[in-house]
Amino acid sequence: MGTPTANGDTVPDIWAVLADGSVRFHAGSRTALSGSGTEVIARADYWKTRIGIG
């Protein structure tokens, strides 16, 4: 899910819920996303059933 900037750099960011239920934050870039993001919530089964963040 793309969101307005969450880290204050004015570039939209990406939040991802993985199949294991963990949530990762990917800081936006003016050119491309890189890496596997930063885990902000560890594996949690209840995230698998959520349809939105925010």
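# A tour of the β2–β3 hairpin and its surroundings

Begin by selecting β2 and β3, which pair in the antiparallel sense over four bridges. What you have open is a predicted model, and everything described on this tour was computed from its atoms or its sequence. With both strands highlighted, follow the chain from one to the other: β2 and β3 form a hairpin with five residues between them, and within that turn G21 has a positive phi of about 90°.

**The chain as a whole**

Before going further into the hairpin, zoom out and show the entire protein chain as a cartoon. The protein chain has four strands and zero helices, and read from the N terminus on its elements run β-β-β-β. Colouring by accessibility is useful here, since 22% of the 54 residues of the protein chain count as buried. If you display the surface, the protein chain exposes about 3800 Å², with carbon and sulfur atoms supplying 57% of that area. Among the contacts with a separation of 6 or more in the protein chain, residues 24 or more positions apart account for 15%.

**The aromatic pair across the hairpin**

Return to the two strands and show the side chains of W15 and F25. How many aromatic pairs does a search of the whole structure find? The search finds one, and it is the pair now on screen: the rings of W15 and F25 have their centres 4.8 Å apart and their planes at 55°, so the pair is tilted. This pair links distant parts of the chain, with W15 in strand β2 and F25 in strand β3, ten residues apart. W15 counts as partly exposed because its relative accessibility is 22%, whereas F25, at 14% relative accessibility, counts as buried.

**H26, beside F25**

Select H26 next, which is also found in strand β3. Its bridge partner is I14, and the same I14 appears among the residues that H26 touches. Not counting residues up to four places away in sequence, H26 touches D13, I14, A16, L33, G35, S36 and G37. Is H26 buried or exposed? With a relative accessible area of 15%, H26 is buried.

While the strands are in view, it may help to recall that in a regular strand the side chains alternate between the two faces of the sheet.

**The loop between β2 and β3**

Now walk through the turn itself, starting at L18, which is in the loop between β2 and β3. L18 is partly exposed, with a relative accessible area of 33%. Draw a distance from its C-alpha atom to that of R43: the two residues are 25 residues apart along the chain, and these atoms are separated by 8.6 Å.

A19 lies in the same loop, between β2 and β3, and counts as exposed at 73% relative accessibility. A second distance can be drawn here, as A19 and D45 are 26 residues apart in sequence and 9.2 Å apart in space, C-alpha to C-alpha.

At S22, found in the loop between β2 (13–17) and β3 (23–26), pause and show all neighbouring side chains. S22 counts as buried because its relative accessibility is 1%. The side chain of S22 makes a polar contact with the side chain of D20, at 2.7 Å. Which residues is S22 in contact with, leaving aside its neighbours within four places in sequence? They are A16, V17, E39, I41, A42, R43 and A44.

**Across to Y46**

From D20, move to Y46, which is placed in the segment after β4 (38–41). The C-alpha atoms of Y46 and D20 are separated by 10.0 Å, although these residues are 26 residues apart along the chain. Y46 is partly exposed, with a relative accessible area of 48%.

**A last stop at T10**

Finally, select T10, which lies in the loop between β1 (2–3) and β2. T10 has a positive phi of about 70° although it is not a glycine, and you may wish to set its backbone beside that of G21, whose phi in the hairpin turn is positive at about 90°. T10 is exposed, with a relative accessible area of 60%.

How values were computed. Residues numbered from 1 in each chain as written. Predicted model: local features only at pLDDT ≥ 70, side-chain atom pairs only at ≥ 80, totals over all residues. Heavy atoms only, no water. Helix = DSSP H or I, 4+ residues; strand = E, 2+ residues; numbered from the N terminus. Buried < 20%, exposed > 50% of the residue type's maximum accessible area, 1.4 Å probe, protein only. Polar contact = N/O pair within 3.5 Å; in protein donor to acceptor, adjacent residues only side chain to side chain. Contact = heavy atoms within 4.5 Å. Areas by Shrake-Rupley, 256 points an atom, 1.4 Å probe, with all protein chains shown as cover. Phe/Tyr/Trp six-rings, centres within 6.5 Å; stacked < 30°, edge-to-face > 60°. Pairing = 2+ DSSP bridges.
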